[in-house]
Amino acid sequence: MKAPQETGLFAGYDDAHHPLGSYAVLVGAYGVSVAGFLGWTARSRRRLPERTGLADLALFTLATHSMTRLLAKDQVTSFLRAPFVRFQESSTAGEVEEVSRGTGMQKALGQLLGCPFCLGPWVAAGLLAARAVAPRQARWLGSVLALSAASSFLHRAYEWVGEGLHRTREEVRALKERTDREEGVQFPSASTSAEALEPGRAPIPAPS
């Protein structure tokens, strides 16, 4: 069976790095899941909130950020991504850098699971679905994730402040050392310069 890039409108696209057929399956799965949930709520007469309040919006925004980062970058959750990605290097804050591997669906899943931006719609939909079914439990979970995100921001801020102070100290130390070297240089006086001679040559007497 030919890849979508080899036929029709998609001919000539980069199949090696962008498996369009697998992307379509993932997008279809997402759409079917969301539509299925909305259909279930309609059949069960479970009323969805008419709108999301600002408090919940802020809470689940932070929760979505925290969950996507945890799933896509955290080294402890690397066992979830390992079948679809290849480890490259360790990063800061207990995170890792990875690259998708394989072909087809394996590669597409690796690109999805390793990308916090790509996971955003999936995680957000899951959290809001949980909020609709069990609002108290969803808010509790969202609060845990939001606090985790806030803690990460504070840790980052602490590191940035520490790095800034360290750079300032180094700059002050370098400036002091340069100033000390410049103050330690003794420039010759006019008389000394006039008497500066080649070795073994008698000085020329100054005119009286």
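## Overall architecture

From the N terminus onward, the elements of the protein follow the order α-α-α-β-β-α-α-α-α, which amounts to 7 helices and 2 strands. The model described here is a predicted one.

Of the 208 residues of the protein, 21% count as buried, and the protein exposes about 15,200 Å², of which carbon and sulfur atoms supply 63%. Among the contacts with a separation of 6 or more, 53% are made by residues that lie 24 or more positions apart.

## The β hairpin

Strand β1, covering residues 85-90, runs antiparallel to β2, and 5 bridges join the two strands. Within this pairing, Phe 87 stands opposite Glu 98 of β2. The hairpin has 5 residues between its strands, and Ala 93 takes a positive phi near 55° in this hairpin.

Along β2, which spans residues 96-100, the side chains alternate between two faces. Val 96, Glu 98 and Ser 100 point to one face and are buried, whereas Glu 97 and Val 99 point to the other face and are not buried. The residue opposite Phe 87, namely Glu 98, therefore belongs to the buried set, given that buried means under 20% relative accessible area.

## The largest nonpolar core

In soluble globular proteins, nonpolar side chains tend to be buried together. In this model the largest nonpolar core has 14 residues, and those with the most contacts inside it are Phe 60, Leu 119, Val 123, Leu 127 and Leu 145. The elements that give two or more residues to this core are α2 (54-73), α4 (104-113), α5 (116-133) and α6 (135-184), with α2 giving the most, at 5 residues.

One of the core residues with the most contacts, Val 123, can be followed further through its surroundings. When its neighbours within four places in sequence are left aside, Val 123 is in contact with Thr 64, Met 67, Thr 68 and Leu 71.

## A buried aspartate in α2

Helix α2 also holds Asp 56. Is this residue buried or exposed? The relative accessibility of Asp 56 is 11%, and Asp 56 counts as buried because this value falls under the 20% cut-off.

Not counting residues up to four places away in sequence, Asp 56 touches Arg 131 and Arg 139. The side chains of Asp 56 and Arg 139 are joined by a polar contact of 2.9 Å.

Definitions and conventions
Residues numbered from 1 in each chain as written. Predicted model: local features only at pLDDT ≥ 70, side-chain atom pairs only at ≥ 80, totals over all residues. Heavy atoms only, no water. Core = buried A, V, L, I, M, F, W, Y, C linked by side-chain atoms within 4.5 Å. Buried < 20%, exposed > 50% of the residue type's maximum accessible area, 1.4 Å probe, protein only. Helix = DSSP H or I, 4+ residues; strand = E, 2+ residues; numbered from the N terminus. Contact = heavy atoms within 4.5 Å. Polar contact = N/O pair within 3.5 Å; in protein donor to acceptor, adjacent residues only side chain to side chain. Areas by Shrake-Rupley, 256 points an atom, 1.4 Å probe, with all protein chains shown as cover. Pairing = 2+ DSSP bridges.
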